[in-house]
Amino acid sequence: MSTNNERVDSQIEHATRLDESLHPKTDQDRTVKPKDYIFMWVGDGVNLGNMTLGASVIVAGVATLNIFQTILAAIAAIAIISTVFALNDRLGYKEGVPYVVQLRMSFGIKGTVISSLLRGIPAIVWYGIQSWIGGTALNEIAKIVTGGSFDNIFICFVALQLFQIILSLFGFHAVKWVETIASIVFAAGLIYVFVILMSNYSTEITQNWIQAKGSWGLPFFGLIMVFLGNYAGIFVSAADYSRELKTGMSDKKRATLYFFPITLSYGFVIVIGAMLAAATGITNPALALPIILNNDILSVVVSAFIIVTVIATNMVANIIPPVYVITMLTKLKYKTSAIITGMLALGAFPWLLIKESSAKGLDMFILIYSAFLGPVISILLVDYYILRKQKVNVSDLYKEDGPYAGFNKAGLLAMLIGAAAAFIVVHLAWVIGVVVAGIAYYLLSKFAFKGSSFKRETIFEK
């Protein structure tokens with residue numbers, strides 16, 4: 001495969017103005033081993049957002065789902081996530097192309113601008129939000145260490161953001177060691193919290209969560225949809241990660257690299273979140289954790305834990321994808337794009353977005369972009385597996401005047417149809433968008449836009 005990729009890369013040099021970071025990865029370029037990949041997804045799964053998701057099953061002290069329903073919903077969602085990951089990462093793994101280039105196959109070179117921004121903009125916003133949370137934790141450490149003489153979240157936020165910008169300049173080389181450290185910190189921290197909860201709050205947890213009646217209705221399926229929506233941005237850009245993974249692994253083995261670490265990290269964090277809420281009656285883990293720890297030294301440790309997990313989450317989910325988007329749109333170098341991404345996250349005003357008065361606006365923002373990401377993943381899978389039978393001319397994806405030039409009207413229209421359908425039943429938005437967009441894309445590709453160059457090398461080519 002390396003010889004073929006090198007030949008393709010040589011052709012691409014003459015056909016595109018894109019930075020070489022967006023060129024197909026050869027065997028020699030891939031440095032991420034399976035164990036590194038596992039650490040990456042373990043580190044990504046540990047964050048306060050996921051813990052809050054677990055806490056959300058406790059509303060006003062009453063569990064909407066009991067422990068069995070919560071865990072079953074989590075396993076169902078993780079199984080779907082792992083399957084979609086393994087399916088959508090295949091083009092990136094086989095050919096070494098990133099997500100923004102993969103999009104050209106289904107949306108066209110110009111149409112990719114629209115679909116890539118649906119991944120890039122939310123990631124930048126979340127980059128800022130996560131960094132603000134990390135800055136808040138860093139400020140807590142500073143207050144304890146200085147005896148309260150230092151108290152400035154904004155300065156801590158900027159300092160942490162600058163540190164992350166420097167880390168991001170090293171690309172996946174930084175991701176590997178950051179995620180390894182995060183995984184170790186995660187294991188130690190969460191096991192300790194779990195032991196405290198079981199030792200001191202087992203009665204409250206049993207009464208308020210384990211023995212709760214719960215529901216097998218909308219709350220159960222709603223949690224599955226929230227799970228999927230939470231990962232929608234990551235597995236839609238699966239190619240960005242799989243192109244870094246060393247070659248030679250079967251699809252089934254790659255699927256296990258997603259399923260087991262996501263189950264371990266995401267599942268455990270969800271359980272801890274639910275236990276915290278059941279024990280304290282507080283659904284915000286950042287407020288609940290200090291209550292059960294109640295110790296300055298432990299508060300420093302927890303704050304450090306939060307900082308590490310924030311960096312780990314950003315490195316995987318919120319930095320690499322938008323950097324590639326900016327690199328593609330501006331034709332700038334990778335490192336320049338990484339700096340711009342970090343500065344944009346600074347300018348996202350995250351301290352305003354996480355205020356209670358802004359919660360509805362933030363929820364609406366998440367709802368809108370999630371409604372589009374489901375259709376995007378569906379269109380990519382239908383195109384690659386059904387229309388093209390996993391055969392893609394990689395050189396054509398990089399030709400500015402090739403068969404993928406302009407807009408693929410079928411892809412863009414199917415995305416809009418799927419997103420519109422997703423808003424009909426908000427709690428089931430992701431799955432509705434996926435099904436409707438996939439069917440719409442197949443039918444539009446078959447019956448509409450006759451003579452479109454996007455029918456070339458598909459089952460509808462005449």
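User: What makes a space in this predicted model a cavity?

Analyst: A cavity is a set of grid points where a 1.4 Å probe fits but cannot get out. In this predicted model, a search of the whole structure with a cut-off of 30 Å³ or more finds one cavity. Its volume is about 100 Å³.

User: Which residues are closest to the centre of the largest cavity?

Analyst: The lining has 15 residues, and Asn408, Ala410, Ser445, Phe454 and Lys455 are the closest to the centre. Two elements each give two or more residues to this lining: helix H20 (409–422) and helix H21 (429–447). H21 gives the most, with three residues.

User: What makes up the lining of the largest cavity by class?

Analyst: The lining has eight nonpolar, four polar and three charged residues.

User: Why is H8 called oblique to H15?

Analyst: Two packed helices are described by the angle between their axes and the distance between the axes. For helix H8 (residues 153–168) and helix H15 (residues 296–330), the axes come within 11 Å and cross at roughly 50°. Angles under 35 degrees count as roughly parallel, and 65 to 115 as roughly perpendicular. The crossing at roughly 50° fits neither range, so H8 is oblique to H15. The crossing is right-handed.

User: Which residues make the contact between H8 and H15, and what are their classes?

Analyst: H8 contributes Leu160, Phe163, Gln164, Leu167 and Ser168. From H15 come Ile307, Val310, Ile311, Asn314, Met315 and Ile319. By class, this contact has eight nonpolar, three polar and no charged residues.

Methods:
Residues are numbered from 1 along each chain as its sequence is written. This is a predicted model: local features need pLDDT of at least 70, side-chain atom pairs count only at pLDDT 80 or more; totals for chains, interfaces and linings use all residues. Side-chain values use heavy atoms; hydrogens and water are left out. On a 1 Å grid over the protein atoms alone, a cavity is a set of points where a 1.4 Å probe fits but cannot get out, and a pocket is an open set with protein on both sides within 12 Å along at least five of seven lines; lining residues have an atom within 4 Å of a point. Grid points are joined across faces, edges and corners, and a volume is the space filled by probe spheres set on the points. Helices (H or I, at least four residues) and strands (E, at least two) are DSSP runs, numbered from the N terminus. Ala, Val, Leu, Ile, Met, Phe, Trp, Tyr, Cys and Pro count as nonpolar, Asp, Glu, Lys and Arg as charged, and the others, Gly among them, as polar. Axes are lines fitted to C-alpha atoms, for helices over the stretch in contact, and angles run from 0 to 180 degrees between N-to-C directions. Angles under 35 degrees count as roughly parallel, over 145 as roughly antiparallel, 65 to 115 as roughly perpendicular and the rest as oblique. A crossing is left-handed if the near helix is turned anticlockwise from the far one by less than a right angle, and right-handed if clockwise. Contact means heavy atoms within 4.5 Å.
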